[in-house]
Amino acid sequence: MRKSLNFLFNISLIFFIFAVSNLSLAQNKPLHQEPKPELPEEKNLSSIKFDSKRAFEHVRKQVEFGPRCAGSPALKNTRTYLINQLSSYGLSVKQDSFQAHTPNPRFPTVEMVNLIVEIPGKKDGIVILASHYDTKWFAEEHFLGANDGGSSTGVLVELARTLSKSKPEYTLWLVFFDGEEAMNGEWLGTDHTYGSTHLVNKLRTEGNLNKVKAMILLDMIGDMNLTVRRDSGSTLWLKDIIWNSAAKLSYDKNFVNEIEDIEDDHTPFLRAGIPAVDIIDFEYGEDNEYWHTEEDTLDKISPKSLQIVGETVLHSLPKIFNHLSSTPKL
Ligand SMILES: [Zn+2]
């Protein structure tokens, strides 16, 4: 992922965005009224225990496989590990394979594989929880991606376990994207977000895109100094629900109200008109000094941060389902 290049330009819009978001907060009463008694559905999901020890273990295991860029044997091993873990919870894992064409002359064509786990809900609509599981390719650096690739994938595997026995209101897809990272150095043109772009195109071709009601992306959420900012491009009502849930859990120091502008695997979904949000802490070390460096190692990852994100997602899901049920279709 990267901060959008038009970030500076957007600073002039920040006050406007604040004004609009305040206006819409005022208008969007159901989210901000006194809490209603919890529906059985909400109790069901909120009482499920997220275990950050398990999530951390999944991060450790991924790091042990070494640098895991798209197409590498290490990523194949990671994939096998993820499939084995997910299968052990009684979930079946779909492998969505495709050939990606990259601008890197060393590997112009790369076989990539998204992993998709479905937890059937009561309604047809789909809510996607996602993370990328590839790490960035470097010619020289031994890049381990404990945070960038590892942390969100560890949380997503643990979310799969905690949700595996539930019957959610909407069908959940847990999607592990391949090829989020640029394959030829800089994040340029179409050289990034291969897996998410492929899935959006595939759903569109199959006529299934309108079944996807919302998409929640996790990325770089293991930093022990966890500070998740509000991505300006992410969908407002999703951000409001998630940030309110975090505040209710006393995680408002971790989910802050600063704004930034991020391009990531949620971007192809937003462009397709699907509500989407990126939960990302894009300040890894001081001035993001560990990001895309050999310093992105396991010792920087905090189970507490994984716990904060896991719990916040679990507490947000029923509210997201309620919002989808109560919003009239356009
Ligand atoms: Zn990255």
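## A walk around helix H10

Start by selecting helix H8 and helix H10: H8 passes H10 in a right-handed crossing (the near helix is turned clockwise from the far one by less than a right angle; anticlockwise would be left-handed). What you have open is a predicted model, in which local features need pLDDT of at least 70 and side-chain atom pairs count only at pLDDT 80 or more, while totals for chains, interfaces and linings use all residues. Residue numbers start from 1 along each chain as its sequence is written.

**Stop 1: H8 against H10**

Stay with H8, residues 236-248, whose axis comes within 9 Å of that of H10 and crosses it at roughly 135 degrees. Axes here are lines fitted to C-alpha atoms, for helices over the stretch in contact, with angles from 0 to 180 degrees between N-to-C directions. The two helices are therefore oblique to each other (under 35 degrees is roughly parallel, over 145 roughly antiparallel, 65 to 115 roughly perpendicular, and the rest oblique).

Now show the side chains. On the H8 side, pick Trp-237, Leu-238, Ile-241, Ile-242, Ser-245 and Ala-246; on the H10 side, pick Thr-312, His-315, Ser-316, Lys-319, Ile-320 and His-323. Contact means C-beta atoms, placed from the backbone, within 7 Å. Colour this contact by residue class and you will find 6 nonpolar, 5 polar and 1 charged (nonpolar: Ala, Val, Leu, Ile, Met, Phe, Trp, Tyr, Cys and Pro; charged: Asp, Glu, Lys and Arg; polar: the others, Gly among them).

**Stop 2: H6 against H10**

Next, select H6 (146-163) and keep H10 (303-326) on screen. Their axes come within 10 Å and cross at roughly 45 degrees. That angle makes H6 oblique to H10. The handedness of the H6 and H10 crossing is right-handed. H6 contributes Ser-151, Gly-154, Val-155, Glu-158, Leu-159 and Thr-162 to the contact, and H10 contributes Leu-306, Val-309, Gly-310, Val-313 and Leu-314. By class, the residues where H6 meets H10 are 6 nonpolar, 4 polar and 1 charged.

**Stop 3: H4 against H10, and Ala-55**

Bring in H4, residues 52-64. H4 packs on H10 at about 115 degrees, with the axes 9 Å apart, and H4 passes H10 in a right-handed crossing. Here Ser-52, Lys-53, Ala-55 and Phe-56 of H4 meet Pro-303, Lys-304, Leu-306, Gln-307 and Gly-310 of H10. The contact of H4 with H10 splits into 4 nonpolar, 3 polar and 2 charged residues.

Zoom in on Ala-55, in helix H4. Is Ala-55 buried or exposed? Ala-55 counts as buried because it has 30 C-beta neighbours inside 10 Å (buried is 20 or more other C-beta atoms within 10 Å, exposed 12 or fewer, partly exposed in between, with C-beta atoms placed from the backbone). Leaving out residues up to four places away in sequence, Ala-55 touches Gly-154, Val-155, Glu-158, Leu-306 and Gly-310. Try a distance label from Ala-55 to Ser-151: these residues are 96 apart along the chain, yet their C-alpha atoms are separated by 8.0 Å.

**Stop 4: the nonpolar core**

Where do the most contacts gather inside the largest nonpolar core? Select Ile-128, Leu-129, Leu-156, Met-215, Ile-216 and Ile-279, within a core of 81 residues. H10 supplies the largest share of this core, 8 residues. Such a core is a set of buried Ala, Val, Leu, Ile, Met, Phe, Trp, Tyr and Cys residues joined through C-beta atoms within 7 Å. Centre on Leu-129 and, beyond residues up to four places away in sequence, you will see Leu-156, Leu-159, Leu-172, Leu-174, Ile-216 and Val-313 touching it.

**Stop 5: three loop residues**

Go to Glu-181, in the loop between strand E5 (170-177) and helix H7 (194-206). Glu-181 is buried, since 25 other C-beta atoms lie within 10 Å. Its contacts, without residues up to four places away in sequence, are Cys-69, Asp-134, Thr-135, Lys-136, Trp-137 and His-192. The C-alpha atoms of Glu-181 and Thr-135 are 6.6 Å apart, with their positions 46 residues apart along the chain.

Then compare two residues with positive phi. Met-220, not a glycine, has phi near 55 degrees and sits in the loop between strand E6 (212-219) and strand E7 (228-231). Met-220 is buried, with 29 other C-beta atoms within 10 Å. His-292 also has phi near 55 degrees, in the loop between strand E10 (276-280) and H10. His-292 is partly exposed, with 18 other C-beta atoms within 10 Å.

**Last stop: zoom out**

Show the whole chain: there are 10 helices and 10 strands (DSSP runs numbered from the N terminus, with helices H or I of at least four residues and strands E of at least two). Of 330 residues, 46% count as buried. Among contacts with a separation of 6 or more, 81% join residues 24 or more positions apart.

Terms used:
Two residues are in contact if their C-beta atoms, placed from the backbone, lie within 7 Å.
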